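This report goes through one protein model, from its overall form to a single annotated position. Please keep the sequence and the structure at hand while reading.

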Amino acid sequence: MSLTVDALIRGPMTEFEEKLRQQHEASMHRELEALLATANKAEAEVSRKDFNGFKNLFHRFLQVKGPSVDWAKIKRPPEESVQPYDRIKAKGLPESITSCLNKLVVVKLNGGLGTSMGCKGPKSLISVRNENTFLDLTVQQIEHLNKTFNADVPLVLMNSFNTDEDTKKILQKYTHHRVKIHTFNQSRYPRINKESLLPIAKSMGMNGENTEAWYPPGHGDIYASFCNSGLLDKLLAEGREYIFVSNIDNLGATVDLFILHHLMSQPADKRCEFVMEVTDKTRADVKGGTLIQYEDHLRLLEIAQVPKAHVDEFKSVTKFKIFNTNNLWISLPAIKRLQENNSMDLEIIVNPKTLDGGLNVIQLETAVGAAIKSFKNAMGVNVPRSRFLPVKTSSDLLLVMSNLYSLDAGSLTMSKKREFPTTPHVKLGSSFTKVQDFLTRFENIPDMLELDHLTVSGDVTFGKNVSLKGTVIIIANHGDRIDIPAGAMLENKIVSGNLRILDH
């Protein structure tokens, strides 16, 4: 009989369940040893470190007794623990910010593929603006910083086994840029058969029947894999004190000198070891993790941890007003200390998947921000929305390619010509999902400076120099096609059928 996920959620373990748990753990350890035996010496050494982290996660997964939070204990974070950005900015900057910058490392999470946008290879290599990829823009930003302040801020990419090879090939083109680039690899964990709770991999190989057997375990893995790679020690030896971590697809996540100065100007005994940038929630962000006070600690609450009965409450914009942008400033010595003491406590996210052949598996993952409760003097900073500009879909891509933003030294800023700072709400239908299809549907990107809301559904194309204002809804029914003519100006219009224009 197998100990199912449901059985694990029901409360204290009986003696029978405890024996089953031990059995599952023993079987898992045997399987992992058998897998390691199929690897060469160098690969086995790396994988053994990965598997130690995985065993720890699996052990905790088997001991889970229900939701990781008791809803009644959740409180809003106290005022002083989430500072408004303006208060931090008001401190100004010192004469020379260079010495602060020389203690900083920029880390970009680069483990993701572009598959959700119909692209092969790493997502960071998708062109987002003027032929520049996410990676190009990141390198330009840091190079600009280093030149402007005569500093030496290195860039570190956390790759996964999915992105490492392709990324390293591309890095050669930056050899003459003024930025040192390092990479390290996220762990590689085995996917678990949901029924047997054993790995589905037959060997340490990555192709053939093993193609779907492995996964990178979420960005919470950064702490262990950064340490294991030796890079953490190397950077500490150079005198680095903080890392600024963000997703590579968040184009708003640039180095903020005011937050950096705030961190560096704290007295040594009150040093803040962890800053999470949060921003005000809108209806578009209801699923984003939020900061809470829980048993005297700041803690990140993710939607996956919320009991079903409270999901609507979690999504409400009134109770939880802020969400995590995943722009994090973290003390390097503190990461080292917590890793050595094995005292980093990250909640487990159980991610169920169904593979192409129909097999149900689970992935055990963790989130980088969940570690906030393990660091001293942790705080949130409520930053402007402009620091959260992720490109997850072609709808996001349309915004960042448009004249809403201007590009300067790798950074995108909202155009001064836009009268209000909010971003338009854009929903493009399935005909636009893949980047290739998306690009063929626009002769050039429309003028969107005065746009509030755009919904496009069905077979729709846009001619040159189209201008969209207010609320525009374009719906081509099945079998119909709508071609918005060159030079058209649509303001508060609904277009349906085969190009009938009605007032909205």
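The sections below cover the overall form, one sheet with its helices, and an annotated histidine.

## Overall form

The model is predicted. The protein contains 14 helices and 26 strands. Its radius of gyration is 24 Å, close to the 23 Å given by the globule rule for 504 residues, so the protein is as compact as a globular protein of that length. The C-alpha trace spans about 70 × 60 × 50 Å along the principal axes.

Buried residues make up 52% of the 504. The accessible surface is about 23500 Å², and carbon and sulfur atoms account for 50% of that surface. When contacts between residues at least 6 apart in sequence are considered, 70% of them join residues at least 24 apart.

## The eight-stranded sheet

One open sheet has 8 strands in the order 1-17-11-14-10-2-5-6, and the pairing is mixed. Its edges are strand 1 (82–84) and strand 6 (181–185); each has a single partner strand, so one side of each lacks a neighbour in the sheet. From one strand to the next, the twist averages 25°.

In general, strands of a sheet pair through backbone hydrogen bonds, in either a parallel or an antiparallel manner. At one edge of this sheet, strand 1 runs parallel to strand 17 (residues 379–382), and 3 bridges join the two. In this pairing, V82 has G380 of strand 17 as its bridge partner.

## Helices on the sheet

Helix 6 (residues 134–148) packs on the sheet and touches strand 2 (104–110), strand 5 (155–159) and strand 6. The direction of helix 6 makes about 155° with that of strand 5.

Helix 7 (residues 164–171) also packs on the sheet, where it touches strand 2, strand 5 and strand 6. The direction of helix 7 makes about 170° with that of strand 6.

## The annotated position H219

In an unreviewed UniProt entry, the annotation "binding site" covers H219. This residue is in the loop between strand 9 (214–215) and helix 8 (222–228).

Is H219 buried, partly exposed or exposed? Its relative accessibility is 25%, and because buried means under 20% and exposed means over 50%, H219 counts as partly exposed.

Which residues does H219 contact, leaving aside its neighbours within four places in sequence? They are L109, M158, Q186, N247, N326, T366, A367 and V368. Of these, L109 lies within the range of strand 2 (104–110), and M158 within that of strand 5 (155–159).

Notes: Residues are numbered from 1 along each chain as its sequence is written. This is a predicted model: local features need pLDDT of at least 70, side-chain atom pairs count only at pLDDT 80 or more; totals for chains, interfaces and linings use all residues. Side-chain values use heavy atoms; hydrogens and water are left out. Two strands pair if DSSP finds at least two bridges between them. Helices (H or I, at least four residues) and strands (E, at least two) are DSSP runs, numbered from the N terminus. Axes are lines fitted to C-alpha atoms, for helices over the stretch in contact, and angles run from 0 to 180 degrees between N-to-C directions. Contact means heavy atoms within 4.5 Å. UniProt positions are given in the numbering used here, feature names are shortened, and annotations may be inferred rather than shown by experiment. Buried means under 20% relative accessible area, exposed over 50%, partly exposed in between (1.4 Å probe, protein chains only). The radius of gyration is taken over C-alpha atoms; the globule rule is 2.2 Å times the number of residues to the power 0.38. Accessible areas come from the Shrake-Rupley method with a 1.4 Å probe; for residues, only the protein chains shown count as cover.
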